[in-house]
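User: Please take a close look at one part of the interior of this model and describe its lining. Then follow the connections from there into the rest of the chain.

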Amino acid sequence: KYLQFYYPEMLTLYGGTAEDYKILTGSELSPTTGFSVYDVPVDSIVPYGNGWVYYVDKVIEPHQNLDDWLMSASDYTMYCDMYNRFNIFTVDPSVNEGIPRNIPSKRTNLYKNERNYRVDMELNYETVGVRQRVSDGTIQVNAHSNYSILVPQNNALESFIDNTFTNYPGFRDSLFVISPSLDNVHIKMIVRAIVSPSMFIKQIVFPSQLYAGTVSGSDGTIYQLGPEDFSEYNLCSNGYAYGLKTFTVPRNFQSILKPVYTTPDFKFMTAAVDRLEINYYLNNMNASYTLFLPTDEAFLKNNIHLLAYEDAVVNWGLSVDNRLGYNDYVFYNADTSGGNVPDFIAPIDLFELVFNHLFVSPITLSSQMQFLLNAPAKYVGITQDSIWS
């Protein structure tokens with residue numbers, strides 16, 4: 001399906017070295033041409049009228065893909081389970097009719113958009129878009145490759161979870177329970193914060209880059225690993241899989257966001273950070289922030305509700321268009337006094353709400369009144385006993 005193809009200029013382009021290739025394949029680049037497919041040297045390349053023929057000295061059997069490797073490796077079952085938890089979607093059954101179900105998919109989110117049906121899948125770590133035109137039944141499939149993942153062994157990941165979630169009763173057991181509840185949505189967001197920084201989508205990462213500490217995750221986590229930290233190197237058909245003896249703590253769990261992700265009292269704030277994708281800003285380790293962190297109870301006092309998608313549709317009777325991606329949870333202002341209808345809280349309003357609680361300089365609380373500027377440049381008055389604006 002995908003044949004990883006190597007030549008010196010390609011390694012240079014992506015910051016790789018000949019030693020990287022040897023680590024990943026166990027062999028050298030072709031001494032004759034400098035071109036190799038996997039660990040198979042290319043003896044010669046001949047152009048023809050409609051393409052090229054690469055002559056090799058053995059039958060090439062494609063390597064397994066990243067998904068197959070992860071699911072078959074017994075040392076990484078916990079990461080595999082968490083990855084699958086992270087990728088579980090809520091599917092709208094009302095648009096599930098008329099779509100061919102013979103497309104092999106492990107994780108599917110389906111919705112209808114005007115005349116087209118669309119299926120977004122994570123298939124073997126490849127982002128796949130499948131479109132069916134209702135008129136002629138045409139199906140188009142687009143797939144992508146080139147990923148790198150850093151997968152910690154079970155004991156390393158278990159140690160992190162046991163040491164980090166001491167204030168979250170039942171967290172570890174809840175990793176393996178799936179339900180449409182808000183608790184389930186919160187667990188999924190936490191799992192995303194743990195797993196996603198070590199998945200490098202459409203990014204080739206070579207061992208030498210990891211050794212040099214030049215690789216950062218999606219949340220800003222810096223990975224600096226030596227050869228002694230790796231349990232295995234794997235060249236797969238659609239990317240690179242690295243097994244690790246250690247676990248690098250994601251930056252979300254080193255910054256002011258740590259309590260947001262490690263206790264059950266901040267589901268609303270976790271969802272707001274997740275929806276706005278502002279993790280990288282809030283966990284900037286070069287900043288000096290003060291965050292006034294509202295509990296879920298504080299949100300509810302302001303009639304702001306966080307609803308799991310199914311709860312919003314089934315129990316609240318709200319109309320939620322999941323084509324916009326709101327198929328996990330939604331924020332609603334539920335102030336129904338005076339006959340008001342619950343209002344969907346748009347991302348721009350959610351953004352202002354979150355940043356109203358952020359200050360970009362340290363604060364020393366005292367009995368004296370202070371008037372401080374928050375991140376959106378609004379004055380907030382505080383003492384050690386009160387806050388007002």
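Analyst: **The second largest cavity and its surroundings**

The lining of the second largest cavity comprises 9 nonpolar residues, 1 charged residue and no polar residue. The model is a predicted one, and in it this cavity encloses about 50 Å³. Ten residues line the second largest cavity, and those nearest its centre are Arg275, Phe331, Phe344, Ile345 and Leu350. Two elements, E17 and H14, each supply two or more residues to this lining; E17 gives the most, with 3 residues.

Strand E17 spans residues 329-333, a range that includes Phe331. With residues up to four places away in sequence set aside, Phe331 touches Phe344, Ile345 and Leu350, which are themselves among the residues nearest the centre of the cavity. Other contacts of Phe331 include Phe268, Ala271 and Ala272, together with Ile304, His305, Leu306 and Asp343.

Leu350 leads to helix H14, residues 347-355, where Leu350, Leu353, Val354 and Phe355 are buried. Residues three or four places apart in an α-helix point the same way, because the helix has 3.6 residues a turn. The cover over the buried residues of H14 includes three helices, H10 (267-276), H11 (279-282) and H12 (296-301). Strands E16 (304-308), E17 and E19 (358-359) are also part of that cover.

Phe331 also belongs to the largest nonpolar core, a set of 61 residues. Phe331 is one of the residues with the most contacts inside this core, as are Trp69, Met82, Leu157, Ile161, Phe165 and Ile194. Helix H7 (residues 182-195) contributes the most to the core, with 8 residues. Apart from this core lies another, of 23 residues, which includes Phe200, Phe230, Leu235 and Leu244.

Phe165 leads on to Thr262, which touches Phe165 as well as Thr164, Asn167, Tyr168 and Phe253, not counting residues up to four places away in sequence. Thr262 lies in helix H9, residues 258-262. Thr262 counts as buried because its relative accessibility is 6%, under the 20% cut-off. A polar atom of the Thr262 side chain lies 2.7 Å from the backbone oxygen of Lys258.

Ile194 and Leu244, named above in the two cores, both line the largest cavity. About 60 Å³ of space lies in this cavity, and its lining has 7 nonpolar residues, 3 polar residues and no charged residue. Ser198 is also in the lining, as are Leu150, Pro152, Tyr223, Thr246, Phe247, Thr248 and Pro250.

Where does Ser198 sit? Ser198 is found in the loop between H7 and strand E10 (199-201). Ser198 is buried because its relative accessible area is 6%. The side chain of Ser198 makes a polar contact of 2.9 Å with the side chain of Tyr79, and reaches the backbone oxygen of Val195 at 2.8 Å. Leaving aside neighbours within four places in sequence, Ser198 is in contact with Tyr79, Ser148, Ile149, Leu150 and Tyr223.

For the chain as a whole, there are 14 helices and 22 strands, and buried residues make up 47% of the 389 residues. Of the contacts with a separation of 6 or more, 56% join residues 24 or more positions apart. The count of cavities of 30 Å³ or more is 3.

Notes:
Residues numbered from 1 in each chain as written. Predicted model: local features only at pLDDT ≥ 70, side-chain atom pairs only at ≥ 80, totals over all residues. Heavy atoms only, no water. Buried < 20%, exposed > 50% of the residue type's maximum accessible area, 1.4 Å probe, protein only. Helix = DSSP H or I, 4+ residues; strand = E, 2+ residues; numbered from the N terminus. Contact = heavy atoms within 4.5 Å. Polar contact = N/O pair within 3.5 Å; in protein donor to acceptor, adjacent residues only side chain to side chain. Core = buried A, V, L, I, M, F, W, Y, C linked by side-chain atoms within 4.5 Å. 1 Å grid on protein atoms, 1.4 Å probe; cavity = no way out; pocket = protein on both sides within 12 Å on 5 of 7 lines; lining within 4 Å. Points joined across faces, edges and corners; volume = space filled by probe spheres on them. Nonpolar A, V, L, I, M, F, W, Y, C, P; charged D, E, K, R; others polar.
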